[in-house]
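Student: Could you take me through a close look at one place where two helices meet, and then show me what lies around it?

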Amino acid sequence: MGIYLNPNNEKYAEMLRGEVFVDHSLLIEKTNPLIRTPNKMLCVSRPRRFGKSTDANMLTAYYSKGCDSSQIFNDLKICQTELYQKHLNQHNVIHLNMQDFLSETHDVEKMIQLVNDSVIWELLLKYKDLLYFDKTKLIRVLNDIYSQIQNSFIFIIDEWDCIFREYKNDKEAQEKYLDFLRNLLKDKSYVSLCYMTGILPIKKYGTHSALNMFDEISMVDPGLLSEYMGFTEKEVEKLCHQYNISYEEMKEWYDGYHLTDTISTFSPRSVVASIIRKKFGNYWTSTETYEALRVYIDMNYDGLKDDVVKLLAGEEVYLNTDKFQNDMTTFKSKDDVLTLLIHLGYLGYNSSDQTCYIPNKEVTSSFVASIEDSSWNETTKALLNSRALLEVTWNREEELVAKYIEEAHLDTAILTYNNENALSYTISIAYIYARNHYTIIREMPSGKGYADMVFIPKDDKPAMIVELKWDQEVETAIDQIKEKKYYYGLEKYLDDLILVGISYDKKSKKHICKIEEIN
């Protein structure tokens, strides 16, 4: 048993002793069949707080010859699978957390040397009776071990991409590091399996990758591991029942990463934090802070700000993820920035139609905080006015409602403002604070048509139906709500239901508001 070679199972055992635990041991069922096959290389990238290190520790505890983990895994789901006993603590494991090595050295060459020396030290202690051609080079030592006694190794490499996050602009250091990993792992008989985790997919050299032997699993393409990329809806629903917590509220705050058409995942750390603290909130800033997000949204490649406004308005935005170079500096278009934000967890991704979106309330609050502290002075004003707009709407102050929407239009007028759809973006941004009190549904089927925006209260606030008109009289908006009976389905709110009509006059370039209560 060593630190890097055949570690013990204590790190994973700690997770089981925690207050909240979700059994993802069936991930092992996916890795067992890959051992000593052409598909033995996996690189799994996902955002911070999504359980990467937990899975790496679990795999180490399961495979490592340095411990007996039967008491751990005999009570988990994996124990019911066909290959469970065959591989339980039957492999030599080399577990490396690259962030630890980099933090100790602060230099890529020194970090590589420290990895080399640390693993060699433990290998020579274990295999001291073998003959070695060169005891100073890790690859040579591993080859000599394999050639003499046919011992192969499972490599579990955590935080593999720390170089690309901490040395974003040092291309030479990045290439040296990639070359080190390639030489260590590619086409080596002593590698029986490699499971590598990080936030970023594997860095490309131009259009090619130095580590092209890996099957890549990511937030853009989760492959067969989609249900292990976070907490699934079933898992979170079970936790909410166990701890007597509102599943609907949990879903609103932390769900929304639609990895497939049928699997949507939650941010694991945020779910656990909300259960332990018994409070919903933004737990994002304690890891990947909103200042980091601000750096990227301040880059206005090809109208990136336009897309961010649409995203905040609840829209989905089309993008091409294929050209992204898998680093944090090589940006040639807004698509590169948006793709990075998907990998960082700030955006969700629909692979079926190649669109991104803001997944949940936690991430929305991070976007709002970032914009308020950014150079977006105009949009910031609209966001800050949102609370006041909601108050004057509740108070039926029509002129003030029109004034705040007018300002929101001027402040977010980076979008082409020439139709009712563009008007709806402005309204969505202007009422963004309302999401704290309402579930907002756009184009809600109701009565004899589709209501533009329906605000369904989560607390004791009045329900609202908002109808928009482009270059028409504002009265027609209120009349349409009544004539088409858009209040169908909202019967329980009829005693406290506000009808809001908002129109924009192209000639005067003015917004007009009319507010009534349902009779």
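Student: Is the crossing in which α11 passes α12 left-handed or right-handed?

Tutor: The crossing of α11 past α12 is right-handed (the near helix is turned clockwise from the far one by less than a right angle; anticlockwise would be left-handed). This is a predicted model, where local features need pLDDT of at least 70, side-chain atom pairs count only at pLDDT 80 or more, and totals for chains, interfaces and linings use all residues. Residues are numbered from 1 along each chain as its sequence is written, and side-chain values use heavy atoms, without hydrogens and water.

Let's stay with this pair. Helix α11 covers residues 233–243 and helix α12 covers residues 247–254; their axes come within 9 Å and cross at roughly 135 degrees (lines fitted to C-alpha atoms over the stretch in contact, with angles from 0 to 180 degrees between N-to-C directions). α11 is therefore oblique to α12 (not under 35, over 145 or 65 to 115 degrees, which are roughly parallel, antiparallel and perpendicular). On the α11 side, the contact (heavy atoms within 4.5 Å) is made by Glu233, Val236, Glu237 and Cys240, and they meet Tyr247, Met250 and Lys251 of α12. Sorted by class, this contact has four nonpolar, no polar and three charged residues (Asp, Glu, Lys and Arg are charged; Ala, Val, Leu, Ile, Met, Phe, Trp, Tyr, Cys and Pro nonpolar; the others, Gly among them, polar).

Now follow α12 onward. Together with α17 (361–372), α18 (377–394) and β14 (438–446), α12 is one of the elements that each supply at least two residues to the lining of the largest pocket (helices are DSSP runs of H or I, at least four residues, and strands of E, at least two, numbered from the N terminus). That pocket holds about 1200 Å³ of space. It has 40 lining residues, and those closest to its centre are Glu252, Asn360, Lys361, Thr364 and Arg435. By class, the lining of the largest pocket has 16 nonpolar, eleven polar and 13 charged residues.

The second largest pocket has about 630 Å³ of space. Of its 28 lining residues, Met15, Arg49, Phe50, Gly51 and Thr54 lie nearest the centre. At least two residues each come from α1 (10–16), α3 (52–63) and α13 (268–277), and α3 gives the largest share, five residues. This second lining divides into 13 nonpolar, six polar and nine charged residues.

There is also one cavity of 30 Å³ or more, with about 30 Å³ of space in the largest cavity. Its lining is Met219, Tyr257, His258, Leu259, Ile342, Leu347, Gly348 and Tyr349. Two elements, β9 (257–258) and β12 (348–350), give two or more residues to this lining. In the cavity's lining, six residues are nonpolar, two polar and none charged. On a 1 Å grid over the protein atoms alone, a 1.4 Å probe fits in a cavity but cannot get out, a pocket is open with protein on both sides within 12 Å along at least five of seven lines, and lining residues have an atom within 4 Å of a point. Points join across faces, edges and corners, and a volume is the space filled by probe spheres on them.

Finally, here is another helix pair. Helix α6 (residues 98–105) and helix α7 (residues 108–126) pack at about 120 degrees with axes 8 Å apart, which means α6 is oblique to α7.
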